[in-house]
Amino acid sequence: MSEVNGMGKIVCKSLEIANEVRFQGASDNTNVVTLECNDPASSFVVDMPAQAGTLLCDADDISITQLDIAGATEQDTPVNTHVIAVYDGTANKKMTLANLAGLSDFESLPSGTDGQVVVYDSANAAQAVAMSGDVTIANDGEATVVDKPSASKSAESNKFAHFDANRDLDNINVIEAETCAGNNVEVGNSTNRWKFAVNGSGHLELSYSSDSGSTFAVKQVFQNS
């Protein structure tokens, strides 16, 4: 082939080169950059971008802002078949959203209905359930505890209610008692027992039993006047 020497330039509409172009650079040294073409299996056309910029090599780092996959726009309706690109520390990989959701490090929340909460069952699996018992919860997150006994209500079996120092109905406390029925309250252990009771005259009697409540002896009477 012909050889052109010197620092001039070649102006032409078409230039045919066997397989490589060498660039010496602006500095006077022995470093050379070679643009090489592998032996093609057929004829190809490689278009150069019609804009300013820098060509990337396979070893270059690529910022996410440099990526524009087929003019992609934000996806606000993803489906399981959509694919994302990931890097595993060694190579680039692709993964569907279905595969991503199935990873052990990710756990999707169960679907629920209005006012339900998410709890974990005995198998450590998340479940959406409704609150029950003494507490309810609204869909805005506000929880409500059921009313405590008031003056017009009865307490639970074998319990009685008393007021705090403020005599506030909202602060009624429930106290455990062995028996609490009618006009008496009984406390104690399996042998020794004490009982408050209102007698026939309307006075309050404090009685004691040393035989598990079989018989009681009056120890003190509190007069009502």
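Glu 186 is buried in this predicted model, and its relative accessible area is 12%. Because the threshold for burial is under 20%, that value places Glu 186 in the buried class. The residue belongs to strand 12, which covers residues 184-188. What does the side chain of Glu 186 make a polar contact with? The partner is the side chain of Arg 193, at 2.3 Å.

Let me turn to strand 13, which runs over residues 193-198 and contains Lys 195. Is Lys 195 buried or partly exposed? With a relative accessible area of 21%, Lys 195 is partly exposed, because the partly exposed class lies between 20% and 50%.

As for its surroundings, and leaving aside neighbours within four places in sequence, Lys 195 is in contact with Asn 184, Val 185 and Glu 186. Its contacts also include Glu 205, Leu 206 and Ser 207, as well as Phe 216. I would add one backbone distance: the C-alpha atoms of Lys 195 and Gly 213 are separated by 9.0 Å, with the two residues 18 apart along the chain.

My last topic is the second largest pocket. It holds about 760 Å³ of space. Strand 1 (20-23) and strand 2 (33-36) are the elements that give two or more residues to its lining. How many residues line the second largest pocket? There are 18, and those that lie nearest the centre are Val 21, Leu 35, Glu 36, Cys 37 and Val 46. By chemical class, the lining of this pocket comprises 11 nonpolar residues, four polar and three charged.

How values were computed. Residues are numbered from 1 along each chain as its sequence is written. This is a predicted model: local features need pLDDT of at least 70, side-chain atom pairs count only at pLDDT 80 or more; totals for chains, interfaces and linings use all residues. Side-chain values use heavy atoms; hydrogens and water are left out. On a 1 Å grid over the protein atoms alone, a cavity is a set of points where a 1.4 Å probe fits but cannot get out, and a pocket is an open set with protein on both sides within 12 Å along at least five of seven lines; lining residues have an atom within 4 Å of a point. Grid points are joined across faces, edges and corners, and a volume is the space filled by probe spheres set on the points. Helices (H or I, at least four residues) and strands (E, at least two) are DSSP runs, numbered from the N terminus. Ala, Val, Leu, Ile, Met, Phe, Trp, Tyr, Cys and Pro count as nonpolar, Asp, Glu, Lys and Arg as charged, and the others, Gly among them, as polar. Buried means under 20% relative accessible area, exposed over 50%, partly exposed in between (1.4 Å probe, protein chains only). A polar contact is a pair of N or O atoms within 3.5 Å; within protein, one must be able to donate a hydrogen and the other to accept it, and residues adjacent in sequence count only if both atoms are side-chain atoms. Contact means heavy atoms within 4.5 Å.
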